[in-house]
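Colleague: Before I use these terms in class, could you go through the reasoning behind them with me, one step at a time?

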There are 2 protein chains.
Amino acid sequence: MKSDLDQIMEKNDLDAILVTGPAQHNPAMSYFTGIIHMTNGDLIKKRGSDPVLFYNPMERDEAAKSGFKTKNLADYRFDELMKKTNGNILEATILRYERMISDLDLTSARVGIFGRMDVGSAYGVFSGLREKIPNLELVGQLGDSILLQAMATKDTEEVERIRAMGAVTVKVVWKVVDYLSSLKSKNGALVNENSDPIRIRDIKRKINLWLTESGVENPEGTIFAIGRDAGVPHSSGNPDDLLYLGKTIIFDIFPAEAGGGYFYDFTRTWCLGYAPDSVMALYEDVLSVYQQILSELKMNSYCFKYQDRTCELFEMKGHPTIKSNPQTQEGYVHSLGHGVGLHIHEYPRFSSYVKEDRLHPGSIVTVEPGLYYPEKDMGVRLEDTVWVRPDGVMEILADYPLDLVIPVS
Amino acid sequence: MKSDLDQIMEKNDLDAILVTGPAQHNPAMSYFTGIIHMTNGDLIKKRGSDPVLFYNPMERDEAAKSGFKTKNLADYRFDELMKKTNGNILEATILRYERMISDLDLTSARVGIFGRMDVGSAYGVFSGLREKIPNLELVGQLGDSILLQAMATKDTEEVERIRAMGAVTVKVVWKVVDYLSSLKSKNGALVNENSDPIRIRDIKRKINLWLTESGVENPEGTIFAIGRDAGVPHSSGNPDDLLYLGKTIIFDIFPAEAGGGYFYDFTRTWCLGYAPDSVMALYEDVLSVYQQILSELKMNSYCFKYQDRTCELFEMKGHPTIKSNPQTQEGYVHSLGHGVGLHIHEYPRFSSYVKEDRLHPGSIVTVEPGLYYPEKDMGVRLEDTVWVRPDGVMEILADYPLDLVIPVS
């Protein structure tokens with residue numbers, strides 16, 4: 001939780017953290033500032049102190065909304081620095097950071113860096129800054145960052161924001177299923193009142209509209225994939241595809257608060273009209289593993305054990321898994337789930353390679369076992385987002401039936 | 001243009017470029033791949049060769065849509081590298097890049113890096129890779145990157161995509177003005193049929209809905225700011241504000257193709273019902289400078305000259321500008337415009353500090369002079385997006401009237 005940050009910084013021997021970039025679609029920044037309209041800024045938090053927010057003067061009112069102590073970037077006279085460097089923006093930017101770092105007495109410090117900037121700029125600016133200030137140690141982490149460590153458990157406000165996103169998500173899923181059920185079929189696929197075929201493109205457009213009406217956004221798109229595409233876990237679905245009866249549809253929807261806030265993550269697998277025996281068997285295998293794993297989740301347990309357990313359960317049912325063959329593209333081919341928050345994928349991780357992540361009180365994770373057989377034109381995944389409540393109960397944050405078959409006229 | 005890239009790489013002495021990250025909301029990647037559903041990948045383009053796209057096996061079908069030669073990241077055996085580094089994701093990632101770089105014979109090369117990754121990861125991975133391969137020179141640019149140089153002029157397909165975004169933009173602006181005109185006023189502010197006040201929140205929700213209905217997205221939000229907020233150029237507007245008559249409303253809308261594609265950028269300033277004399281005078285000053293500058297734009301001219309010229313014209317009318325006082329927050333406080341493309345702000349730049357950017361054939365730029373007086377509760381900005389046609393004509397890509405006053409009942 002945010003309140004653990006000083007302690008996490010101490011454990012990681014960090015004197016300060018520096019966060020850069022906009023306050024929208026930049027989790028590291030909006031974790032602190034909230035979602036405000038700041039197109040670019042810097043936030044520096046020294047261990048044991050509140051953050052200081054450096055803002056562009058045109059955005060002073062938005063910066064003030066953060067509630068933090070603020071500093072006007074214009075006071076660092078970028079115009080002078082540009083003259084001094086003959087108009088070299090990279091050099092001038094490095095010099096401005098040098099002044100900001102000096103201002104906060106961080107020239108002999110170990111500072112973690114976070115936020116959003118393009119890859120080349122980040123490398124250019126911070127490797128340049130490192131050369132400029134010999135006793136400044138910059139820490140660039142991948143994976144196990146201290147912000148992700150703090151974000152790995154959610155406080156009450158965060159849980160409620162994610163729960164609210166869950167409510168929006170299932171409301172939209174109900175609209176999708178109501179719409180699909182209202183359609184007729186012709187030649188084995190859904191059609192509208194004029195007997196024109198409905199395509200995945202049409203469904204996705206409606207999903208986006210319903211999400212927008214609810215005031216949320218869909219930054220990563222939606223997976224609505226049928227048949228062979230449902231057998232390829234991250235195929236988003238072919239926009240031209242028809243909605244054939246009796247084919248698996250994987251519908252994975254993961255909207256977020258407008259401006260790049262908290263996500264929800266949810267998947268159902270549907271068959272329109274009826275499910276062939278082979279599909280029903282695959283669905284039953286996923287459903288039983290989903291229910292078994294949910295019943296086994298325990299607070300404070302290690303996540304990798306549930307990934308191993310999922311592989312074990314699927315293998316007992318005769319499916320290949322990435323445990324027995326890390327390169328398999330059939331059977332169970334991904335990990336059991338992931339934390340959800342300001343990122344769609346965050347801590348804890350359920351990878352077999354990550355031994356330290358646990359289901360802490362306040363963790364919010366997806367549970368999403370799936371089986372994929374692209375050559376047999378089918379795939380099944382079931383997913384809910386689960387809050388590890390401080391009392392140890394695993395609470396699904398938005399209820400929705402797990403049914404496979406959607407009846408159509 | 002994209003076709004200039006090899007030449008630009010040669011001029012910048014780059015043997016290759018490496019682009020990393022997703023193919024959505026990552027201009028460096030989608031410039032090459034188009035907007036596909038690839039959550040993470042790497043693209044390496046050697047000078048004089050077509051790009052090679054490294055994909056996650058779960059996304060092989062999406063990667064194939066790029067049309068490029070592809071390589072499966074699973075062949076680099078991240079699982080082995082994780083074991084080798086005792087589960088250190090940063091180290092394992094660096095080793096994987098080392099293998100990829102070796103595979104393409106780039107261990108003694110100068111490579112520009114681009115794309116999206118968080119700041120700390122980018123610094124960690126690429127400073128680590130640099131240490132690992134002594135003869136690899138990584139070039140991280142800020143500002144004057146070679147991709148931005150290529151993107152600074154648009155080919156026919158890009159112009160048509162931006163024009164299409166312009167058509168969507170003005171269609172939505174018409175809907176907003178039609179809606180505002182349909183409302184009644186009460187106590188000097190707009191109300192709905194039940195006499196409940198309309199707030200900026202309501203207008204923004206409608207804008208988002210109309211944009212979504214058109215199949216586009218609004219990743220950076222919309223500025224719809226009234227009164228004092230209109231006097232603060234980048235205030236996005238207070239959601240609770242009422243729509244008072246006779247106050248300046250700055251409406252700056254900049255939607256993009258779904259998935260993070262090409263933007264359009266457009267601003268009008270409106271007064272509901274009537275405009276007080278002081279507002280009308282401010283509007284006339286901006287309008288005349290807008291028209292004067294548009295008439296003076298010439299292909300191949302330097303952009304900074306138009307910024308200086310805009311300051312000169314506003315100063316002749318008695319307004320403070322950032323030319324006379326770089327820290328002013330009144331009068332003309334920003335630059336005249338910017339290139340528009342896969343980024344809302346790209347080349348050419350109209351800053352006084354940037355002497356090299358020009359209006360080349362194929363440039364697409366905004367022209368957006370404005371005047372701001374927050375203490376007087378007013379601001380005015382007018383903006384269109386202009387294509388520098390190869391025949392030298394400056395073509396506004398979406399027509400819309402410049403009128404200030406919106407009549408209301």
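What follows is a conversation about how some terms are applied to this predicted model.

Colleague: Why is A:Cys303 called buried?

Modeller: The word applies to a residue with under 20% relative accessible area, and because A:Cys303 has a relative accessible area of 0%, it counts as buried. A:Cys271 is also at 0% relative accessibility, so that residue is called buried by the rule as well.

Colleague: How do you know that A:Cys303 has no bond to the closest cysteine sulfur?

Modeller: A disulfide is a covalent bond between the sulfur atoms of two cysteines, and the rule asks for sulfur atoms within 2.5 Å. The closest cysteine sulfur to that of A:Cys303 belongs to A:Cys311 and is 14 Å away, which is too far for a bond. Over all chains, the count of disulfides comes to zero.

Colleague: What makes A:Asp61 and B:Arg228 a salt bridge?

Modeller: The cut-off between the side-chain nitrogen and the carboxyl oxygen is 4 Å, and the closest N and O atoms of A:Asp61 and B:Arg228 are 2.9 Å apart, so the pair forms a salt bridge. Across the interface of chain B and chain A, the rule finds two salt bridges, together with twelve residue pairs in polar contact.

Colleague: Which helix gives the most to the side of chain B that touches chain A?

Modeller: That is H6(B), with ten residues, and the residues on this side of chain B divide into 25 nonpolar, 23 polar and 15 charged.

How values were computed:
Residues numbered from 1 in each chain as written. Chains lettered and ligands numbered in written order. Predicted model: local features only at pLDDT ≥ 70, side-chain atom pairs only at ≥ 80, totals over all residues. Heavy atoms only, no water. Buried < 20%, exposed > 50% of the residue type's maximum accessible area, 1.4 Å probe, protein only. Polar contact = N/O pair within 3.5 Å; in protein donor to acceptor, adjacent residues only side chain to side chain. Helix = DSSP H or I, 4+ residues; strand = E, 2+ residues; numbered from the N terminus. Nonpolar A, V, L, I, M, F, W, Y, C, P; charged D, E, K, R; others polar.
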